[in-house]
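Let us walk through a protein structure, step by step. Keep the picture at hand and find each residue as it comes up.

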Amino acid sequence: MAPAGEVDVNGCDGDEGEADAIANASLLAGFSESAEIKALLASLPDLHEDSVSRETGTERFLVIMDRYQEQPHLLDSHLEWMLNMLLKLIRDEKSPPLLVHLGFKFLYIISKVRGYKTFMQLFPHEVADMQPVLDLLCRQDPKDTETWETRYMLLLWLSMTCLIPFDLSRLDGHLNSEPGLNREPIMDRILAVAKTYLRVSDKSRDAASVLVSKFVTRPDVKQKRLGDFLDWTLTTISQASDLTMEGTVTLDGALQSLAQLFKHGKREDFLQYAPTVLQCLDQKKIAESSLAMLRKLGVKVVQRLGLTFLKPRLAKWRYQRGSRSLAVNLAQSTAAGKVLDAKPELESGSREEDYDIPEEVENVIEQLLGGLKDKETIVRWSAAKGIGRVTGRLPKELADEVVGSVLDCFSFQETDNAWHGGCLALAELGRRGLLLPSRLSDVVPVILKALTYDEKRGACSLGSNVRDAACYVCWAFARAYDPSELKPYVNQIASALVITAIFDRNVTCRKAASAAFQENVGRQGTFPHGIDILTAADYFAVGNLNNCYLTISVYIAGFEEYTKPMIDHLVSRKINHWDGVIRDLATKALHNLTPQAPDYMAKTVVPQLLSMATGMDLHGRHGAILACAEITHALYKVGAESNRPVTDLLSSDSIQGLKGIHQKVSKSFTFSIYTFFLIFPLIPVISKAEVLIELLFNHCVWICSLQEAAVSALAALCEEYYQLQPGVADTHMQEQLVSQYLAALRSPEVLTRCGCALALGSLPRFMIHSKLQQVVAHCFCLNSHLCVCVSSSLRVCVTAGVCAQGSPDSAVCEKNVTAVYEALLDCMNDYITDSRGDVGAWLVTKYSRVLFLCQFKAPHILMMCCLAQQAAEKIDRYRAHAGSVFLQLLHSTQPVVPHIPHREELLSIFPPHSAESLNWNAASQAFPHVSQLLRLPVYQYHTLLGLAVSVGGLTETTVRYSSHSLFEHLKGIQQDSAALLQFGDTLLRIFRDNLHNDRVSVPFLKMLDQILANSCFELFVSVENHPFCVELLSLCKEEIKKSKDIQKLRSCVAVYCGLILFQGDVRKKILVQLMMLLCHPFPVIRKATASQVYEMLLTYDDVIDAAVLDDVMTVLRRVTSPQCVHTGTTPIQFLL
C-alpha cells in the first residue's frame, strides 16, 4: 500500500508483481502534513527561545517542504493560511527580533519550494503596508549573515507594495511640516535601499533586482528617476572590476537589475536608453569575463536590448503546425500509415509590415551567436533562448540569415561548445516555428552528425553534451513539424536515434535518444516499427550498456530499416573507439548482428575491417582485428547451419587477408591473441599453425597482459592441428612443444617462467599424455611466482584425471599424489605480498582442485588444519572459499573422505543440513562456528593462528565478531585450568613460530592486549612468576628488539601493561621494560607509554608504593603534555 497522502501510479498493491520488473513511482496526492505544519507554526513563539528546539522545528519544516519540490502546486491552496500565520507573528509588536527572523526564515523556505514569483503575489500590498515594510527593511543590517532570509523576503514584499496605483509623493505628506526636520521622500528611500542591496553578496541581491523591476517601471518613478537610475547602473558597471570579489558582486547586481528592467519595462520607455546601455556593455567586454555568471547575465541583458530595438510582433512567416493530438496521430498511423492533419496555409506570402531594423540589432545577434560558443552551458543556453526570441521579431530574410549563421556553428573547425550551442539554438528556433521546412534539408544532416559527435581529448572524450542536445533537437522537431514535412528524413532520424539510444557510451545520451524516439513515435506516427522498438528500448531498458549492445541491438536489427545503419555505425564509429570496453562490446555486437546480414558482412564489412587492421590508428587496428575474428566466427556458425564451410561465404581476398593479419601486425603487439581462436577454421595448412605456435610462445613469455589470451588460443590450436585422431597427439609436435615450454621454465626472466607455466597448464589431455610427471615436477620445483606455477600444475592434474593404479606419467595416481599434497601444503603457507597485494592468498582459490584427489587418497591432516586456519582469517572471499572447501571435504559422500580428525565433533559444529545456509563471507556467521574448533586439540593451533590475524586486524566488523567469538570460547574455559593452560601454550607456540613476522606478530600482540584486558588468564595471576607470563615477556622483548615499527611498539606497551597483573619478580621486569620505553627515542612512543602506564596505575593501586605514587603520576602527566612531547623531555630528566 502507498503511504498516506501518496498514490501508487501502478494501481496495485506493493505485494503484487515482481519488484525487478515494475518501476514503482509514488506521487504525492496532496499536502497531507497541513495539520502538522499548522501546529508547528503555532508553536514558533515557544520554540524560538530554545536554540535546540528552534533548530529541530526548522529542520522538520524544511524536510516536509522539500518533499514538494517536484510538485509545488500541491501547496497552492495552503499558501495563504501559512503566510497569514507567519505574518501575524511578524507584525506583532511584542514579537522579539529572533521570532521575527524565524518567521521570515520559514517564509523563505516556502518561497524556495513554490517559487518566489508565485509566492510573492500573496503578500499584502495595500498602501498601509508600504511604510512599515520599508521601515523594517531599513532597520536591517545588510552585513548580518544570520538574517539574510529576513532581508530577502522584505525586499520581495516591498516589491509587491510598490504596485499600489497611487503616486508615491502622496505618501510623503508635508516633508517640511516640522521645523528643523527634513524627511527623505519615500521614492528616494526605496531607491537607496535597492541600490544598497544590489551590492550585497547574499541572495538579497536577487530580490533587490526584482524590486528595481517593479519600482522603477512605475509611471511616477520612471518619469523622475529612470534616467538617473540607469546612469547610476552604467556608472557602476564601468567602474566595477570583475577581478575582485566586491567588483564581481557589484557587476552581478547591476546586470541583474538591467535585465529585469528591460524585461518588465515598456519598450517606448527604454528604447531611447538601449543604445547607450549596449555601448557601455561593449566597452566593458562582459563576454570576456572569466566568471560564467557575469557572462550569462551579459547575454541576458543583450537579448533584452535586442527585443527592445525590435517592435513586438508575431512573425507572420513562422511555421505553424496543425493538429497536435497524440490520439489522432496514433490512430491515423495505425490505420493508414500516415497522418492527415489539417495544416493551415502558411502566411509566407502575406505582405509583411515594412520597417527599418536598427543597426544595433546586428551587434546584438553577433553577441548572441558568440554566446552559443561559450565554454559554459548556462551561457550557451541563455544565448540560444535569446536567438529564438530575437529571430521571432525579424523579417523572414533576416531570420533566414540568422539560421545560416547558427548552422556555421557546426563546422568541424569549431569546438564541442559551438556544436552544443548550435543544437540548443536550432531546438529553440524549431520549437518557436522559426525554422522553416525549406531549411530542414540543411539542418537534418547536421543534427545526424551531432548525434554521433565524439572528440577524443587525452584519456577521455568530449561530445556527450552535444549528442544530448541533438536528441533535444529531434524531440523539439517532433512537436514542431507536421509529419509530411519530416517524411523525407524519417528513416535517417529514426536510425540515428536508435543508434544513439543503444550504442552511445553515455547513459544520459541513451536515455535522451530513447525519449526523443518515443516523442517522434507519438507525435509523428511515421517512424518504422516505432511501438515495437519502444517496447524493447524504452527509457529504463537502455540504462544497461551490455544489454543495449548484446540484446536490444539484436532485436532492433531484425527490422530491415535499421540493420545496415547499425552495422555501419559500429564499423565506422565504435570499433575504433578510444574506450576498450566499447570496442569489445562493438565487436561482440557485430558477432550477434552477423546472422541478420551475413552477405553484407562478408562482402562489404570484412574488406573494410581488413584495411583498418593495418592502418595507423592503434585503437582502430585493435578493434578491426577483434571485429574480423568475431564476424568470421559468426559466419562460421552461419555456414555450419547449412553445412557450408566459411570459405564459401568469404571472398578469396578476404581469406588471404585474414590469414596474413598476424604477419603484418605481430611486431606491434597491438592485436588480441584471442582473435586467432576464432579464425582457426580459415587456416588449412598445419605449417601455418606452426607460425602461430611461435607467435603464441613469444606472447606467452614476454607480455603479461596477453598471457591469458595466448594460452586460451594455444589450447584451441592444439585441439585443431596436433591431434591425429580423437585423444591421440602428434608425438613429434607434442615432444617439440612440451620440451620448448619446459626448457623455458628455467629462464631467468620471471614473465617467461610464468607464461610457460600457464601454457603448460592450458594444454589438452592428449598433449600431456606420458608427460605428466615431467610437467608437474618442473612446475613444483620453481621457487618464485609459486602461485602461477602451482596453479598450472593443478590444472595439468585436473586435465590428466585420476587413476589410482595408473601410470604416473598419464594420470594422478598413488605414486605421485603425495608430491601434489606436499606442494599444496607449502602453498597454504605462502603469504607473499607485492604491489598487487597478497598474491599468496590467490592460492587459496586453487585449493578446490584437491577434491578430486580424495577419491582414493585421504587428505593430509595438515590440509584440514590449514583450511581451518584460512577459514578463520580476515579476507572475506578467501575465508569463504576455504570454508566451502572444508565443508565439501567434511560432507563428501561420494566418496566419503577418510581419516578426517574429529569428524564427529566437526559434524556437530557444521551439520550437513545447515552447511548451505552458512554465509562464510559474513563475519557474524563465520566466526561463531570457526571459534568452536578451538576446543579440538588438532585444530587449535591453526584456528588460533587464523583468529589472531582477524582479531588484531583493521576491519571493524571482522574484529568485532572474531574477538567476540574468541572471548566466548575463553569464557567457557575460565574454570578449566588444564584447558586454559593448553590455550596459553598454544598462544606461546604461535608467538615463537612467528617472531619478527609482522603479518602475524602485530595483530597477535593486539589480540593479546584484548585477552589480558578482559582478564582471561585470571587463574594464572595469583601464581608467582607463572611460566606463561615469564615466557610471554621474553618473547615480547625479543619481538620489539631494535624495532622501529610504531604500531608494534605501541601494541607491546599495551601487552606489558596487561601483564602487570601477574605476581612475582616478573612484575619488576615488566616495569623495567616500561621504563625503557618511556625513554624511547620516538616521542609518540614515549607519550603512548606514559599514557598507558598512567591508566595502569590508576586501575591497579598495588603496583607502586603509595608514598611515591603521587610523584610518579605527576611525572607521567607532564610527559604526556604537548610541550614535553615536542621538546623531547623524558621522565628520567624530570626525575633528575
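What follows goes from the whole chain to single helices, residues and cores.

Start with the overall view. This is a predicted model. The protein has 59 helices and eight strands. Of its 1136 residues, 52% are buried. Now look at contacts between residues at least 6 apart in sequence. Of these, 71% join residues at least 24 apart.

Next, pick out one helix. Helix α7 takes in residues 127–138. How far apart should its ends be? At 1.5 Å a residue, its twelve residues should span 16 Å. The end C-alpha atoms are 18 Å apart, which agrees. Some residues of α7 are buried: Asp129, Met130, Val133, Leu134, Leu136 and Leu137. Around the axis they cover an arc of only 160°, so they sit on the same side of α7. What lies over them? The cover includes α4 (76–91), α5 (97–114), α8 (148–161) and α9 (186–197).

Step back along the chain to the loop between α6 (116–119) and α7. Proline 124 lies in this loop. Is proline 124 buried or partly exposed? Its relative accessible area is 22%, and buried means under 20%, so proline 124 counts as partly exposed. Leave aside its neighbours within four places in sequence. Proline 124 is then in contact with Leu87, Arg91, Asp129, Trp157 and Thr161. One of these, Asp129, is also among the buried residues of α7. Leucine 158 is 34 residues from proline 124 along the chain, yet their C-alpha atoms are separated by 9.8 Å.

Helix α8 deserves a look of its own. Serine 159 is found there. Its relative accessible area is 0%, so serine 159 is buried. What does serine 159 touch, not counting residues up to four places away in sequence? The list is Met120, Ala207, Val210, Leu211 and Lys214. With leucine 211 there is a further detail. A polar atom of the serine 159 side chain lies 3.3 Å from the backbone nitrogen of leucine 211.

Now move on to helix α15, residues 292–309. Valine 301 has its place here. At 0% relative accessibility, valine 301 is buried. Beyond residues up to four places away in sequence, valine 301 touches Leu255, Leu258, Ala259, Val277 and Leu281. Phenylalanine 262 is 39 residues away from valine 301 in sequence, but 7.6 Å away in space, C-alpha to C-alpha.

Why look for groups of buried nonpolar residues? In soluble globular proteins, nonpolar side chains tend to be buried together. Here, the largest nonpolar core has 211 residues. Those with the most contacts inside this core are Leu107, Phe123, Phe215 and Phe517. Take phenylalanine 517. Not counting residues up to four places away in sequence, phenylalanine 517 touches Ala494, Leu497, Val498, Phe527, Gly530, Ile533, Leu534 and Tyr562. Apart from this core lies another, of 86 residues. Its members include Leu945, Ile973, Cys1029 and Val1053.

Finally, turn to the cysteines. How many disulfides does the whole structure hold? A search finds zero. Take cysteine 866. The nearest cysteine sulfur belongs to cysteine 865, 6.9 Å away, and cysteine 866 is in no disulfide. A disulfide needs two cysteine sulfur atoms within 2.5 Å. Cysteine 866 counts as buried, at 5% relative accessibility. Cysteine 718 is buried too, at 0%.

Notes
Residues numbered from 1 in each chain as written. Predicted model: local features only at pLDDT ≥ 70, side-chain atom pairs only at ≥ 80, totals over all residues. Heavy atoms only, no water. Helix = DSSP H or I, 4+ residues; strand = E, 2+ residues; numbered from the N terminus. Expected span 1.5 Å × (residues − 1). Buried < 20%, exposed > 50% of the residue type's maximum accessible area, 1.4 Å probe, protein only. Arc of directions from axis to C-beta. Contact = heavy atoms within 4.5 Å. Core = buried A, V, L, I, M, F, W, Y, C linked by side-chain atoms within 4.5 Å. Polar contact = N/O pair within 3.5 Å; in protein donor to acceptor, adjacent residues only side chain to side chain.
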